[in-house]
Amino acid sequence: MSEYLLDVRNLKKRFPINGGLLGREVGAVSAVNNVSFKIKRGETLGLVGESGCGKTTLGRSILRLIEPTGGEIIFDGEDIRTFDAQRMRALRRRMQIIFQDPYASLNPRMTVGAILSEPMEIHGLNKGKDARKKRLYELLDQVQMPRDTLNKYPHEFSGGQRQRICIARALAVEPEFIVCDEPVSALDVSVQAQVVNLMMDLQKDLNLTYLFIAHDLKVVEYISSRVAVMYLGNMVEVAESHELYGGSRHPYTKALFSAIPKPDPSLKQDRIILTGDIPSPMKPPNGCHFHPRCWQATDECKNKYPDLTKQSETHEYKCFNPIT
Ligand SMILES: Nc1ncnc2c1ncn2[C@@H]1O[C@H](COP(=O)(O)OP(=O)(O)O)[C@@H](O)[C@H]1O
Ligand SMILES: [Mg+2]
């Protein structure tokens, strides 16, 4: 058994843009561009990057909720892109997703009991009234919600409580891997920490593997063992969290992380303010996509896309003129 649960190789997702009277393809967005990474069993890989850089598309492509355009997704030793519909259905039990918006992702007309039972029914789990009830109570205990939750409707709960219900729904099928797509971004800051701590406890207890997408770098540093940084569809740097704070090599990562306020205000902080907008993913710049905003850029960066440099077993980046 490989120590890696997930091994993604050269994953691509391209969205064609149709226009004109005839609806012909007039362009395309390369939302995910040759992205490769691995996640160990029981580990959390954080995924960060500005809005629109392709994080959600990557997360959904890995689960084949949207069909990738190219690449391999090796899950527990098998390329799931070769799976037919029947094998995909069985696999859905092992891979789940939690969405950003706990308001939109729960059916308002269903009781929480029905919401949590649905995935078990689909996968034929915990059949029989007693077994079902026992499992529902267990799920509520796991997300620290009271038992009377089962007969209530989603609108009776706060954002944090709804996200707990979404987590319970994901756990209902006993998954091994969960894509967490900005699960706390829509919540009040005061409840974010509670939900993040709950997710970390669950990970330990149930040996879960997470891909944790967030734009809040502090949350990502807290929960992740390693962090991957995306820019315009490309993964530009991957390293252990502590390495990225002091020792990022890609200028984009450096800028992103320099924006986090330090706990001690007397410490000198070199904040890097990026100029220019994020370019359109329909028309990415030539060469390194980051070069128009990069203070380290040279002619090489304008013409060629940098290959991956492996600095160590845990740290890699794509840049011709890394920060030293
Ligand atoms: N269904 C779609 N059709 C066309 N373009 C899309 C679609 N979904 C996402 N995109 C585009 O792909 C890019 C990446 O989007 P997304 O994955 O949502 O980014 P993020 O989650 O990092 O904010 C964006 O430019 C977005 O407009
Ligand atoms: Mg997103």
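In what order do the eight strands of the open sheet with mixed pairing run? In this predicted model, the order is β6-β7-β8-β3-β9-β10-β12-β11. The edges of this sheet are formed by β6 (95–98) and β11 (309–310), each of which pairs on one side only. At the β11 edge, the partner is β12 (residues 316–317), and the two strands are joined in the antiparallel sense by two bridges. Within this pairing, T309 stands opposite Y317 of β12. Helix α9 (residues 251–258) lies across three strands of the protein chain, namely β3 (44–48), β9 (226–231) and β10 (234–240). The direction of α9 makes an angle of about 110 degrees with β9.

The protein chain as a whole contains ten helices and twelve strands. Its radius of gyration is 21 Å, which agrees with the value near 20 Å that a compact globule of 324 residues would have. The C-alpha trace extends over about 70 × 60 × 45 Å along its principal axes. Buried residues make up 38% of the 324 in the protein chain. Among contacts with a separation of 6 or more, 64% are between residues 24 or more positions apart.

A further open sheet consists of four strands with antiparallel pairing, in the order β2-β1-β4-β5. Here the edge strands are β2 and β5 (78–79), and each pairs on one side only. Strand β4 (residues 70–75) runs antiparallel to β5 and is connected to β5 by two bridges. In this pair, I74 stands opposite D79 of β5. Helix α1 packs on the four-stranded sheet, where α1 touches β1 (4–19), β2 and β4. The angle between the directions of α1 and β2 is about 70 degrees.

At the other end of the strand order, β1 and β2 are paired in the antiparallel sense through twelve bridges. One of the residue pairs concerned is R14 with its bridge partner S30 in β2. The two strands form a hairpin with four residues between them. In this hairpin G20 adopts a positive phi near 75 degrees.

Ligand 1 is surrounded by F15, V29, A31, G49, S51, G52, C53, G54, K55, T56, T57 and P281. Two elements, β2 (24–40) and α1 (55–62), give two or more residues each to this shell. The largest share, three residues, is contributed by α1. By residue class, the shell comprises five nonpolar, six polar and one charged. Both β2 and α1 thus recur in the description of the ligand 1 shell and in that of the four-stranded sheet, on which α1 packs with contacts to β2 among others.

A separate feature concerns D188, which is located in the loop between β7 (177–181) and α6 (189–206). The strand at the start of this loop, β7, belongs to the eight-stranded sheet, where its place in the order is between β6 and β8. D188 is classed as exposed because 10 C-beta neighbours fall inside 10 Å, and the limit for this class is 12 or fewer. The C-alpha atoms of D188 and G160 are 8.0 Å apart in space, while the two residues are 28 residues apart in sequence.

How values were computed: Residues numbered from 1 in each chain as written. Chains lettered and ligands numbered in written order. Predicted model: local features only at pLDDT ≥ 70, side-chain atom pairs only at ≥ 80, totals over all residues. Rg over C-alpha atoms; globule rule 2.2 N^0.38 Å. Buried ≥ 20, exposed ≤ 12 C-beta atoms within 10 Å, placed from the backbone. Contact = placed C-beta atoms within 7 Å. Near = placed C-beta within 6 Å. Nonpolar A, V, L, I, M, F, W, Y, C, P; charged D, E, K, R; others polar. Pairing = 2+ DSSP bridges. Axes fitted to C-alpha atoms, helices over the stretch in contact; angles between N-to-C directions.
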